[in-house]
Amino acid sequence: MEHIETYLAQLGNRSDQRTGAVNTPIYLSTAYAHPGLGESTGFDYSRTANPTRNILQEGIKNLEAGDYGFATSSGMAAIQLVIEGLLEAGDHVVTLQDLYGGTYRYFHAVEERGQYRFTYCLSAEEIEQSLNDDVKLVFIETPTNPMMTEFDIQAIADKAHAVGALVVVDNTFYTPVLQQPLRQGADVVVHSATKYLAGHNDVLAGLVACRGEAIGEALAFQLNTTGATLGPIDCWLTIRGLKTLALRMNQHQSNAQAIVDYLKTESLVSQVFYTGKGGMVTFEMADQSKINDWLHAVKIFTFAESLGGVESLVTYPKTQTHADIPEELRLKYGLNDGIVRLSVGIENGQDLVKDLRNAFDHIR
């Protein structure tokens with residue numbers, strides 16, 4: 001593959017040889033004519049295959065250096081596809097305690113129904129200690145949401161594969177621009193494409209890429225069977241967003257670093273969590289009682305859930321993204337009531353720093 005910037009900008013271009021359309025057409029048809037008995041153009045019914053979706057799926061496959069790609073109706077649908085497509089009833093999963101709240105909610109729900117078993121870990125050491133021949137799958141985020149803890153994918157993959165377990169990595173925060181888990185030993189990578197990949201807070205989507213024929217065929221069967229596929233218009237919106245992903249990630253990261261540099265000097269901030277990469281920044285407010293006033297004082301940042309769009313957002317995990325995680329579990333990995341998460345957008349970095357500084361000055 002050529003440089004990722006070139007691949008992204010060219011994604012889907014010239015895919016319609018009949019008309020010469022530069023951009024990917026949106027194929028809205030749910031049914032496709034058969035040339036004859038037992039013959040097919042490769043498209044029969046849109047749940048099984050759609051030309052617009054195929055381009056997006058080919059794109060995520062190549063971006064993540066995989067063998068197969070899949071587009072689902074949301075990020076959670078992507079996770080559900082992987083879990084239910086690769087596991088059997090009663091299988092054991094090792095995962096992290098520091099997870100996106102929606103992922104934890106889903107894991108907890110299926111475990112409560114007796115479908116699978118989960119072991120939750122706080123560190124790479126705990127993951128290693130939990131691995132045995134009974135474990136079928138390891139699921140991690142790196143960095144984690146929202147505490148921004150990074151994990152060595154290759155090291156975890158080596159240990160997991162030694163006991164016959166698959167490794168799944170949620171790559172939503174870093175995207176293929178900054179991290180390609182399949183190249184580091186993972187078997188499957190998932191994205192909430194709603195976030196950075198689509199990038200404009202206007203589409204709900206999930207993407208999956210994987211290595212190996214057995215995994216790919218299992219996921220293809222599961223997706224066709226359950227039907228949680230991404231519609232053609234949303235596929236087109238995601239393709240359109242991907243074209244500027246590399247440019248956006250550069251600006252996200254530059255702005256995030258400027259904000260981190262400021263927050264580390266701010267007396268009303270007790271801790272800053274940032275990996276040095278990407279556009280996500282988490283910090284701890286020294287005085288939790290002032291959070292609500294501070295949220296009312298920011299003007300450019302919008303107090304909202306989600307992340308990864310061109311606009312800067314601020315999220316309070318306790319009541320938003322991680323509201324379903326019990327307090328005693330949150331506190332184990334540092335997600336206390338003072339934690340605030342920033343999704344740093346692509347606005348002017350000086351304006352963003354000024355907005356935060358003015359909000360802190362307002363509550364002094």
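Which residue's side chain has a polar atom 2.8 Å from the backbone nitrogen of E88? That would be D91, and I'll start there once I've said what we're looking at.

Okay, housekeeping. This is a predicted model, where local features need pLDDT of at least 70, side-chain atom pairs count only at pLDDT 80 or more, and totals for chains, interfaces and linings use all residues. Residues are numbered from 1 along each chain as its sequence is written, and side-chain values use heavy atoms, with hydrogens and water left out.

So, D91. You'll find D91 in the loop between α3 (75–86) and β2 (92–96). Those labels come from DSSP runs, numbered from the N terminus: helices are H or I with at least four residues, strands are E with at least two. D91 is buried, yet has no salt bridge. Buried means under 20% relative accessible area, exposed means over 50%, and partly exposed is in between, using a 1.4 Å probe and protein chains only. A salt bridge needs a side-chain nitrogen of Lys or Arg within 4 Å of a carboxyl oxygen of Asp or Glu. For charge, Lys and Arg count as positive, Asp and Glu as negative, and His and the chain ends are not counted. The nearest side chain of opposite charge to D91 is K136, 5.1 Å away. Still, K136 is in contact with D91, as are Q115, Y116 and R117, leaving aside neighbours within four places in sequence. Contact here is heavy atoms within 4.5 Å.

Next, the loop between β4 (135–141) and α6 (153–162), which holds P143. A cis peptide bond joins T142 and P143, with omega about 0°. P146 sits in that loop too, and a cis bond joins N145 to P146, with omega about 15°. As a rule, most peptide bonds are trans, and most residues other than glycine have a negative phi.

What about T144, also in the loop between β4 and α6: buried or exposed? Buried, at 1% relative accessibility. Past its four-place neighbours, T144 is in contact with L96, D98, T149, F151 and F173. With D98 there's a side-chain to side-chain polar contact at 2.4 Å. A polar contact is a pair of N or O atoms within 3.5 Å; within protein, one must be able to donate a hydrogen and the other to accept it, and residues adjacent in sequence count only if both atoms are side-chain atoms.

Back to phi for a second. R14, in the loop between α1 (4–10) and α2 (51–63), isn't a glycine but has a positive phi near 60°. N201 isn't a glycine either, and its phi is about 55°. N201 is in the loop between β6 (188–192) and β7 (206–210), and is partly exposed at 34%.

That β6–β7 loop also holds K195. UniProt, in an unreviewed entry, lists "modified residue: N6-(pyridoxal phosphate)lysine" at K195. UniProt positions follow the numbering used here, feature names are shortened, and annotations may be inferred rather than shown by experiment. K195 is buried at 15%, and touches T172, S306, L307 and G308, not counting residues up to four places away.

Last stop, cysteines. How many disulfides are in the whole structure? Zero, where a disulfide means two cysteine sulfur atoms within 2.5 Å. For C210, the nearest cysteine sulfur belongs to C235, 17 Å away. C210 is buried at 0%, and C121 is buried at 1%.
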